[in-house]
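This report looks at salt bridges and at the packing of helices in one protein model. The sequence and structure come first, and the description follows.

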Amino acid sequence: MFVNVIVSIPSAKPFTYAVPDGMENQIAVGKRVFVPFGRRKVTGYIVGSTPSTEIKSVKNIIELLDTEPLFNADDLEFYQWTSDYYMYPLGKTLKASLPGGIDVVSNLWASLPDDRKMGEEGLSDAQRGIIGILNEHPNGLSADKLKKGTGKNNVLDDLRRLQSLKYVTLEDRIRKADVKKKKEKRVRITSPFPPEMKLTEKQQAVCDFLKRHGEVGLPSLCEEFKNAQATIKRMETKGLVHISTREIYRSPGKTPCIGKQNTHIILNNEQNSALDEIVLGIKSRGYFPCLLHGVTGSGKTEVYLRAIEETISLGGSAIYLVPEISLTPQLRSRIRDRFDKTAVAILHSGIGKSAKYDEWRRIQRGEARVVIGARSAIFAPIRNLRLIVVDEEHDSSYKQDDHLAYNARDLAIVRAKQRSAVVILGSATPGIQTYFNTKSKDFKLLELTQRVAGRDLPRVDVIDMKEEGRSGKNAPIFSRPLIDAVRETLDAGKQTLLFLNRRGFHTFLYCLDCGYIFKCLNCSVSMTHHRNDNSLRCHYCNFRVKAPPVCPSCGGSRINSYGMGTERVEEEITTLFPSARVKRMDSDSTSKRGSYEKILKSLDRGEIDILVGTQMITKGHDFPGVTLVGVVSADNSLNIPDFRAAEKTFQILTQVSGRGGRGDSPGRVIIQTFNPDNYAIKRAQEYNYISFYNNELQTRLELGYPPFSRMVNLTISATNEARIIDCVKNLNTVARDLARQAGENISVLGPAEAPLSRVKGRHRWHMLLKGNDIKALHTLAGNILANTTEIGLRIRVDVDPVNFM
């Protein structure tokens with residue numbers, strides 16, 4: 001018997017291995033195997049089996065790593081489609097989809113032998129450098145560590161040379177997986193219990209405890225009784241208790257209690273109508289894509305939850321996607337009384353590797369029938385999938401920008417089609433493409449036009465910051481109307497959200513004497529000033545330095561700042577209202593595990609008067625105490641080099657406006673901008689999605705942008721600037737020749753230097769392929785890659801790109 005195994009390398013083809021005698025009955029698609037691969041040993045994934053092969057000298061599997069599969073054939077079909085569509089190798093797609101930390105790997109280990117050869121005659125500088133590093137590490141180092149230490153990508157040739165000359169010893173060391181199953185000893189009373197057995201006082205107490213609670217984990221007994229292990233051991237010897245071992249699941253964390261949960265909500269007519277359509281789709285057991293377009297606060301979440309309840313009652317399972325990890329605490333809190341907690345699994349990058357591995361296996365075993373998570377949860381190996389919910393479907397967070405550049409919203413549609421399931425795309429501000437699909441494809445449009453309980457949408461005032469700045473040299477951070485509104489909100493005992501989509505204290509620092517701008521050494525971006533630790537940070541490669549007191553270019557001391565970030569907004573609002581309880585919510589303030597929940601709980605309990613934040617405060621949160629929303633600058637998203645800039649601006653403004661006025665008190669929104677007449681801002685002020693859609697669609701049609709075309713973006717990067725310029729010139733010629741040969745209506749735009757022209761030390765250029773046929777674009781992109789052989793040149797393919805930076 002032979003198996004086809006996929007390995008996480010840049011290759012689409014599987015490799016064939018022989019199955020050792022006695023292992024045949026254990027083979028299944030989705031199990032991991034440890035296999036020889038060249039000079040290494042690696043973890044691979046079984047994707048098929050065959051009784052025979054024409055390949056000669058087939059190597060054996062070393063070890064079968066799983067007793068049960070991590071995915072099945074249906075899941076593999078989905079992963080394969082993802083790999084093909086996004087032009088990313090299947091092995092790497094599987095590695096990106098499955099829980100992290102589960103691979104067993106072999107490392108080449110180098111050390112200096114006791115009887116090593118002395119002297120370094122005839123050795124290269126690189127080989128001498130390796131010996132110098134190993135002299136500092138008597139126990140040796142892995143080849144990977146030596147690569148970092150020497151700064152060379154390839155040290156294997158030098159290591160083999162040193163081995164042949166007896167300067168170093170090389171051995172293959174196996175590093176076990178970081179994550180494995182957790183097991184626990186369990187204790188229960190022996191049945192039948194031995195009669196007339198004389199017990200000590202402590203043994204009697206343990207027996208009484210076990211009779212009350214049944215089988216109990218040994219760790220729990222150790223917490224309850226002092227020196228419990230010795231007592232239990234003696235009781236086992238007497239035949240009083242039985243000790244067994246079983247696997248236990250690690251928890252992703254306690255379900256938070258955020259907000260008041262009303263499980264007796266009466267749906268209004270629009271909600272009932274939408275739910276009826278969705279339930280019909282679920283009962284039909286066919287593919288049913290629908291857009292639930294509802295204004296903010298219209299009760300979309302309740303419709304989702306009722307649809308999930310119906311799915312569960314019919315024996316099916318559901319996936320519920322949210323765009324941000326910060327939304328999962330409130331969602332988990334909301335469903336904790338709606339579903340059996342053992343039937344709900346959580347999957348996102350904010351939980352630990354071990355807990356994620358356990359959640360994955362609970363899902364695969366069919367124990368969890370509702371999966372909640374961010375974009376990666378779309379890969380969950382759920383059984384009998386009948387419903388997928390994509391909340392805030394318009395959000396760009398569903399698109400991953402690096403490695404496997406997938407869009408979870410689009411994959412939700414694909415997976416629902418493969419499994420003949422219902423997919424609900426929900427939003428107050430649907431993506432242009434999604435709304436277009438309700439007009440041109442078979443997507444069902446379901447609408448919720450009113451807020452629940454007849455509440456009004458907040459009043460939106462737009463402040464022209466050009467007018468605010470006329471009296472002084474620069475426009476202030478806060479307009480007078482916004483300051484007055486915050487004061488009134490504080491006096492009324494209500495809460496305020498202040499939104500700015502920029503972290504840090506200032507956008508950048510510059511020298512007033514020579515104009516020098518403090519930029520990242522690795523990336524072509526200015527560094528952001530963070531006042532809390534007086535540092536300059538690059539938000540792309542995480543390089544950071546202390547903010548210098550003098551200019552490194554001219555030595556001048558007149559260092560000034562330009563722009564603002566959430567830290568500065570937090571400081572300024574605290575200065576204006578010193579008695580207010582102010583908190584900040586951005587990726588810096590929420591970097592620690594559990595920080596999301598802590599801030600949201602405080603807001604829910606009324607312990608925060610003013611919350612300053614980035615996009616993570618704009619999405620899906622429901623806090624009745626928030627009556628004022630202030631948008632500090634609506635212009636940040638308008639000025640990005642992206643044909644979707646207006647769409648993103650309209651969505652952000654409408655979404656953040658919708659956070660206010662969700663309780664009994666009316667809400668108010670103040671938007672500060674230098675472009676009050678821009679159609680995206682005016683339509684957001686009016687809550688007029690249809691008018692915005694029509695404006696934007698006409699612009700897209702004239703320029704030939706999606707939804708009237710498809711796109712593939714190629715990002716070309718290299719460490720040498722002169723070399724990449726030569727390479728992109730050659731690539732331009734190759735791409736245009738191939739496009740002409742294809743005979744399809746394909747445009748090749750560029751190549752052009754990327755807006756962020758250098759990131760992490762690599763110079764970057766973009767080439768955009770645009771056409772009507774995605775298959776033709778796939779073929780052209782594949783041919784371009786096949787005709788590019790320059791060493792050191794890296795080309796990343798992004799199908800249906802969202803980020804053009």
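## Salt bridges and helix packing

A search of the whole structure, which is a predicted model, finds 44 salt bridges. Three of these pairs are set out below with the separation of their closest N and O atoms.

| Acidic residue | Basic residue | Closest N and O atoms |
|---|---|---|
| Aspartate 103 | Lysine 95 | 2.8 Å |
| Aspartate 586 | Arginine 584 | 3.0 Å |
| Glutamate 607 | Arginine 605 | 2.9 Å |

The surroundings of these pairs can be described through the accessibility of each partner. In the pair of lysine 95 with aspartate 103, lysine 95 has a relative accessibility of 44% and therefore counts as partly exposed, whereas aspartate 103, at 14%, falls under the 20% limit and so counts as buried. Aspartate 586 and arginine 584, which are joined by a salt bridge, are both buried. In the pair of glutamate 607 with arginine 605, glutamate 607 is partly exposed at 36% relative accessibility, while arginine 605, with a relative accessible area of 53%, lies over the 50% limit and is therefore exposed. Elsewhere, salt bridges that share partners link Glu68, Glu247, Arg250, Asp358, Arg361 and Arg365 into one network.

Two helix pairs illustrate the packing. Helix 9 (residues 269–284) packs with helix 10 (residues 300–313) at an angle of about 30°, their axes being 10 Å apart; because angles under 35 degrees count as roughly parallel, the two helices, helix 9 and helix 10, are described as roughly parallel to each other. Helix 9 passes helix 10 in a right-handed crossing. On the side of helix 9 the contact is made by Gln271, Leu275, Ile278, Val279, Ile282 and Lys283, and on the side of helix 10 by Glu302, Val303, Arg306, Ala307, Glu310 and Thr311. By residue class, this contact divides into 6 nonpolar, 2 polar and 4 charged residues.

In the second pair, the axes of helix 19 (residues 645–657) and helix 21 (residues 689–703) come within 10 Å and cross at roughly 170°. Angles over 145 degrees count as roughly antiparallel, and helix 19 and helix 21 are therefore roughly antiparallel to each other. Here Ala646, Glu647 and Phe650 of helix 19 meet Tyr689, Phe692, Glu696 and Arg700 of helix 21, and the residues of this contact divide into 4 nonpolar, no polar and 3 charged.

Notes. Residues are numbered from 1 along each chain as its sequence is written. This is a predicted model: local features need pLDDT of at least 70, side-chain atom pairs count only at pLDDT 80 or more; totals for chains, interfaces and linings use all residues. Side-chain values use heavy atoms; hydrogens and water are left out. Axes are lines fitted to C-alpha atoms, for helices over the stretch in contact, and angles run from 0 to 180 degrees between N-to-C directions. Helices (H or I, at least four residues) and strands (E, at least two) are DSSP runs, numbered from the N terminus. Angles under 35 degrees count as roughly parallel, over 145 as roughly antiparallel, 65 to 115 as roughly perpendicular and the rest as oblique. A crossing is left-handed if the near helix is turned anticlockwise from the far one by less than a right angle, and right-handed if clockwise. Contact means heavy atoms within 4.5 Å. Ala, Val, Leu, Ile, Met, Phe, Trp, Tyr, Cys and Pro count as nonpolar, Asp, Glu, Lys and Arg as charged, and the others, Gly among them, as polar. A salt bridge is a side-chain nitrogen of Lys or Arg within 4 Å of a carboxyl oxygen of Asp or Glu. Buried means under 20% relative accessible area, exposed over 50%, partly exposed in between (1.4 Å probe, protein chains only).
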